[in-house]
Amino acid sequence: MILALSHISKAFLEKPVLTDITFHLEKGEKAAIVGANGAGKTTLLRIILGELEPDSGTVTRSRDLTIGYLAQKQNVSSGNTIRAELLSVKAPLIAMEQQLSDYEQQMALAKGEALDSLMEKYNLLQDRFRNLGGYGYRGEVNGVLTGLGFSGEEADQQISTLSGGQKTRVALGKLLLERPDLIILDEPTNHLDIASTGWLESFLLSYKGSVLVVSHDRYFLDRIVSKVIELENTRCTVFPGNYTAYAAAKKKLRDSQMHAYLNNQAEIRHQEEVIEKLRRFNREKSIRRAESREKMLQKMTIVEKPAGPGEEMRLSLKPCITSGRDVLHVENLAMSFGSNHLFSGISFDIHRGEHVALIGDNGTGKTTMLKILNGILTPDEGLIRTGVNVHIGYYDQEHHVLHDDNTVFEEIADAHPDMNNTEIRNLLASFLFTGEDVFKQIRSLSGGEKGRVSLAKLMLSEANFLILDEPTNHLDIVSKEVLENALNSYEGTVLCVSHDRYFINHTASRILSLTHEVILDYPGYTDQPAPACYFGCYDHYLEKSGQIEDTLLAGAGVSAAGRQDSASVSSPADNMMSEETTSGSKDWKARKEEQARQRKRENDLKKCEDKISALEEKNAAIEQEMALPENCTDLGKLNTLTKEKAANDESLAALYDQWETLSTADSV
């Protein structure tokens, strides 16, 4: 056990935030802390880190425990480039590497005893350098840079020129390279695209240390954690398993508690009715029986009503009119910003009732495409045509559809002058704006609050084609589930950009992947009726994406003009790619091959390290056995143990050579 919290309580201005919090974390364990916004998650992290003292209770950490913490926002101030900033974590190894180089230069000139002395120092330092991972640190830094989306020229950008999200990614990279005993992450996927999030999952899954994460990314939690610590109503409950297991167990527990409560209430009402009837009989015997039952009722255990999931916004999406079958036609769409070419030749169709998720790495142009579809931007080329009776409702992740100077109340009143004060108040209450909250200015709202106002306006629009840009950003898990349920019962058409894979997996019937400037079409489970067809679409995409990408790499064009029964990959004769795209595809193929080579090298390196670790443990056990008093005089036993250790040493020597070769295969 590396961390234990025992009966932790904390209040602010006499308002309890945490009450009797108790849980522990084992070495190598990966756990999540979940709870609604304001449940006390950040307060709990600060107590674990020692930044905040609890009112009562204790935090016990194992001796010499090293902790790395990534807050939601990081202000990395440095004159370094991104690459240099990450390499700074390896400063001790870099200094040792320089010292080894100095020794090599000195040995080239030295002779005799001076040479022997230098060689001894060199060998000792080299062993230490190797044991600390010196021969692999440059490849490790390169892997983190690429994994977090900093590749090529980006890695040489100055820290001072980066956005807040990019700085947070740099801070995450440094933390991962430091490899502390316990990594604590607060919303680590907020500034990562799907590819980078997948890489982080792989990194954490193979990480030998412990991980404690606060996240609203349910797909991420499903992949990473084996324990969920829920904060609700100031108290905590520990659930084994990942997020899906937690959600199922939580529902089962709440259903059981509610069932017990309802049965208890029914029994109380039944006894009260019987007592009332007995008294109405007004006979001595019936009165005595009524009094007896009253005494029994007074002694009866009262089951408290279980706490509900908390306040939930109420969202219902209904189209004002049914659109025609053809909702959107996009043909040969192209867009660039100066020398930054985003995409060209983009074509696809969306039909009535489809729930389409548009995915892709950061910077591929997804938000730009949505702005073009909404008429906010004009494309360089291409045709966009909406169908008959199509009414678009747009959710903008930057909330430009809101007016900063308005109050929340005015934002709704201005857009819908036909609504009276009571109707507006009731609507806003269903989106958790009550009392004086309705008079807050839009500019003063948090990201989550702005999201709820935008969703309220979207609901009132009664649109039959929703175009949503990152609608789950800043929403807590409960609000995300409310939005998912609303979309799954929505009879209109949806086009959504999202990095939330759990959200995609539960609301999309089809995925369009904007990959290397082309659209790849993954239709999902088309044989299932709604809403069943919305469940598992992202998982289906993961199964098929490798096959489709291989086809693209082989030189085939990609067609997304309309929905097909399988992923739409046409032959080269049907859809010839431009010279620019073909050239780019070759570059992409080279990158893919390099990534595959890197993965194989990393796997081989890990297998080698595991073998070394196993043999070293065997040798340690042999040495302990040889030191036992009963073995010291047993020459036969000692001879057997010595031969076994010698064989292990011979194998270790070969493995050390293999490890060094693998570790030095790449350099920064």
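The exercises below, each with a worked solution, deal with a predicted model of one protein chain.

**Exercise 1. Overview of the chain**

State how many helices and strands the chain has, and what share of its residues counts as buried.

Solution. Begin with the secondary structure, where the chain shows 20 helices and 18 strands. Then turn to accessibility: of the 668 residues, 45% count as buried. Finally, consider the contacts in the chain with a separation of 6 or more, of which 71% are accounted for by residues 24 or more positions apart.

**Exercise 2. The sheet that contains β1**

Determine the strand order of the open sheet that includes β1, and work out which strands stand at its edges.

Solution. The sheet is built from three strands in the order β2-β1-β4, and their pairing is antiparallel. Because β2 (15-25) and β4 (56-61) each have a single partner strand, they stand at the edges, and one side of each is left without a neighbour in the sheet. From one strand to the next, the twist averages 20 degrees. For the pair formed by β1 (residues 3-12) and β2, the antiparallel pairing runs over seven bridges, and within this pair Ala11 is found opposite Pro16 of β2.

**Exercise 3. The two faces of β5**

Sort the side chains of strand β5 (residues 67-70) by the face to which they point, and identify the strand β6 residue opposite Leu70.

Solution. As a starting point, recall that side chains in a regular strand alternate between the two faces of the sheet. In β5, Gly68 and Leu70 point to one face and are buried, whereas Ile67 and Tyr69 point to the other face and are not buried. Next, look at the partner strand: β5 pairs with β6 (residues 182-186) in the parallel sense, over four bridges. Leu185 of β6 is the residue that stands opposite Leu70.

**Exercise 4. Packing of α3 against α4**

Classify the mutual orientation of helices α3 and α4, and give the handedness of their crossing.

Solution. Helix α3 (residues 91-107) packs against helix α4 (residues 112-131) at an angle of about 155 degrees, and their axes are 10 Å apart. Angles over 145 degrees count as roughly antiparallel, and α3 and α4 are therefore placed in that class. The crossing of these two helices is left-handed. The residues that meet include Leu93, Met96 and Leu100 on the α3 side, and Leu115, Leu118 and Phe129 on the α4 side.

**Exercise 5. Salt bridges across the sequence**

Explain which parts of the chain are tied together by the salt bridges Glu140 to Arg179 and Asp217 to Arg501.

Solution. Side chains of opposite charge can pair when their charged atoms come close. In the pair of Glu140 and Arg179, the closest N and O atoms are 2.9 Å apart. Glu140 lies in helix α5 (residues 137-147) and Arg179 in the loop between α6 (164-178) and β6, so this pair ties together parts that are 39 residues apart in sequence. Arg179 itself is partly exposed, with a relative accessible area of 43%.

For Asp217 and Arg501, the closest N and O atoms are 3.8 Å apart. Asp217 lies in the loop between β7 (210-214) and α8 (218-224), while Arg501 belongs to helix α16 (residues 501-507), so this salt bridge ties together parts that are 284 residues apart in sequence. Both Asp217 and Arg501 are buried.

How values were computed: Residues numbered from 1 in each chain as written. Predicted model: local features only at pLDDT ≥ 70, side-chain atom pairs only at ≥ 80, totals over all residues. Heavy atoms only, no water. Buried < 20%, exposed > 50% of the residue type's maximum accessible area, 1.4 Å probe, protein only. Pairing = 2+ DSSP bridges. Salt bridge = Lys/Arg side-chain N within 4 Å of Asp/Glu carboxyl O. Axes fitted to C-alpha atoms, helices over the stretch in contact; angles between N-to-C directions. Parallel < 35°, antiparallel > 145°, perpendicular 65-115°, else oblique. Left-handed = near helix turned anticlockwise from the far one by under 90°. Contact = heavy atoms within 4.5 Å.
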